[in-house]
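Please review the structure shown below. The briefing that follows is arranged by topic.

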Amino acid sequence: MKFGTRLVNYDAAPGDSNRPMATPIYQTSTFEQERADSFGQYDYSRSGNPTRRVLEDQLAGLENGKRGFAFSSGMAAVTTVARLLSVGDEIVADWDLYGGACRLFSKVLDRAGVTVRYADASDPEIFAQSFSAKTKLVYVESPTNPLLRVIDLKAISVLARQRGALFCVDNSTMSPYLQNPLDLGADIVLHSATKFLSGHSDVTGGAVIVKDEALAQEIYFLQNAEGSALGPFDCFLVLRGLKTLKLRVQAQQTNAGIIAGFLLAHPQVREVYYPGLPGSHGYDIQQEQARGAGAVLSFTTGSFDRSRRIAETARLFRISVSFGSVHSTISLPGSMSHASVPVELQAVRALPPDLVRISVGIEDEEDLLADLSRAIDSGCSRRLDESIGLGTVG
Ligand code: PLP
């Protein structure tokens, strides 16, 4: 079956003689046991729940993995992957990561004796120089967030395998509709299910998918031991959102391509970061390893004040962290989602202060273009620029 069919055609309620079309919400913490000395398939929802199981199996299938795990947030998923490491182990990560992942790696894992090195994974040769005998986990996003740099996942997977390290890819900006990192050599795929997987800004969740059974056992052990699984109702919401993943991403991506072209031609815009633009960073690799460029893009304006005014003037693009929802959103990563990036990393990572990130929704393209055009025109107005001593861009 092809992807769109798989999104809706699966057993929504295994073993249920009523044969519901949608997965029932098993809102129960415990399951009665027939006998005192033996357990059925489910005994306690932290350890396993039928609604969660349907979601986890569906996620595994969509990412071409063997086992999937649903977590209470994307960060709970990242934390679980990091828990695979022990004292003295090291993570090598790309430097353009979601700020919360950097905060976890740099400010929490150090308490458990795990260290992190950041390097440029878009250059595999340079990246390889950061590996040491202690490197146990290689961690990247692609395209990266918020600079939309493309990482050659096959090349990095080869490096990780040669050094005996696990390779984890955060696939949140793409979704399984556009990219399947396990097919490109990754050991672990991770999602903030808050983003495209659920897609409606109504649930916080995370996912981990693996293909190796021994690794799956370890992830399951940690999920159960730490109690970080997603609750039944939220699993239902992700399952519902997933059914329209293809339709949403197609519509969002089409809008994003049109907006990227508009921004590229706009005289007040300096740089546009979108891997769907020919000549953009990693364009050829993106063409090879993914089935599209997605619906997240960033641009610069020449000044933080202009960018702030654009964000505050836009109406359809609502100021909000996160991405991947049916609504278009706008944010300034430097002062919002990535403000938690540790100072030592801020010094080496080139995150422009005037960077504006937008996540494009399913609204009509004419409305989105009109809104963005108006926001940029008023945000970059000569009168406002002069009042704070800025020259015009362009
Ligand atoms: N990964 C990426 C790329 C993200 O952007 C985020 C959150 O914005 C996360 C992981 C963390 O996910 P959550 O907010 O669901 O914990």
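Threonine 30 sits in the loop that runs between helix 1 (3–8) and helix 2. In this predicted model, threonine 30 is partly exposed, with a relative accessible area of 45%. Its C-alpha lies 8.0 Å from that of tyrosine 42, and the two residues are 12 apart in sequence.

**Largest pocket**

- The largest pocket has a volume of about 380 Å³.
- A total of 23 residues line the largest pocket, and those closest to its centre are Tyr98, Ser192, Thr194, Lys195 and Ser322.
- At least two lining residues come from each of helix 3 (74–82), strand 4 (135–141) and strand 6 (188–192).
- Helix 3 is the element that gives the most to this lining, with three residues.
- Both domain 1 (3–242) and domain 2 (245–387) contribute to the lining of the largest pocket, each with at least three residues.
- Sorted by class, the lining of the largest pocket consists of nine nonpolar, 10 polar and four charged residues.

**Second largest pocket**

- The second largest pocket has a volume of about 210 Å³.
- Its lining is formed by 15 residues, of which Ser47, Gly48, Arg53, Glu56 and Tyr220 are the closest to the centre.
- Helix 2 (50–62), strand 1 (67–71) and helix 7 (213–226) each provide at least two residues of this lining.
- The element that gives the most to the lining of the second largest pocket is helix 2, with four residues.
- By class, the lining of the second largest pocket comprises six charged, six polar and three nonpolar residues.

**Cysteines**

- Zero disulfides are found when the whole structure is searched.
- Cysteine 102 takes part in no disulfide, and the nearest cysteine sulfur, which belongs to cysteine 168, is 14 Å away. A disulfide would require the two sulfur atoms to be within 2.5 Å.
- Cysteine 102 is buried, at a relative accessible area of 0%.
- Cysteine 235 is likewise in no disulfide; the nearest cysteine sulfur is that of cysteine 168, at 20 Å.
- The relative accessible area of cysteine 235 is 0%, so this residue counts as buried, the cut-off being under 20%.

**Strand 2 and its pairing**

- Strand 2 (residues 90–94) is largely enclosed by the rest of the structure, because five of its five residues are buried.
- In a regular strand, side chains alternate between the two faces of the sheet.
- Glu90, Val92 and Asp94 point one way from strand 2, while Ile91 and Ala93 point the other way, and all of these residues are buried.
- Strand 2 pairs with strand 3 (residues 115–119) in the parallel sense, over five bridges.
- Alanine 93 has tyrosine 118 as its bridge partner in strand 3.

**Helix 4**

- Helix 4 (residues 99–108) is mostly covered, with seven of its 10 residues buried.
- The buried residues of helix 4 are Gly99, Gly100, Ala101, Cys102, Leu104, Phe105 and Ser106.
- Cysteine 102, listed among the buried residues of helix 4, is the cysteine described above as being in no disulfide.

Notes: Residues numbered from 1 in each chain as written. Predicted model: local features only at pLDDT ≥ 70, side-chain atom pairs only at ≥ 80, totals over all residues. Heavy atoms only, no water. 1 Å grid on protein atoms, 1.4 Å probe; cavity = no way out; pocket = protein on both sides within 12 Å on 5 of 7 lines; lining within 4 Å. Points joined across faces, edges and corners; volume = space filled by probe spheres on them. Nonpolar A, V, L, I, M, F, W, Y, C, P; charged D, E, K, R; others polar. Domains from an automatic or database assignment. Buried < 20%, exposed > 50% of the residue type's maximum accessible area, 1.4 Å probe, protein only. Pairing = 2+ DSSP bridges.
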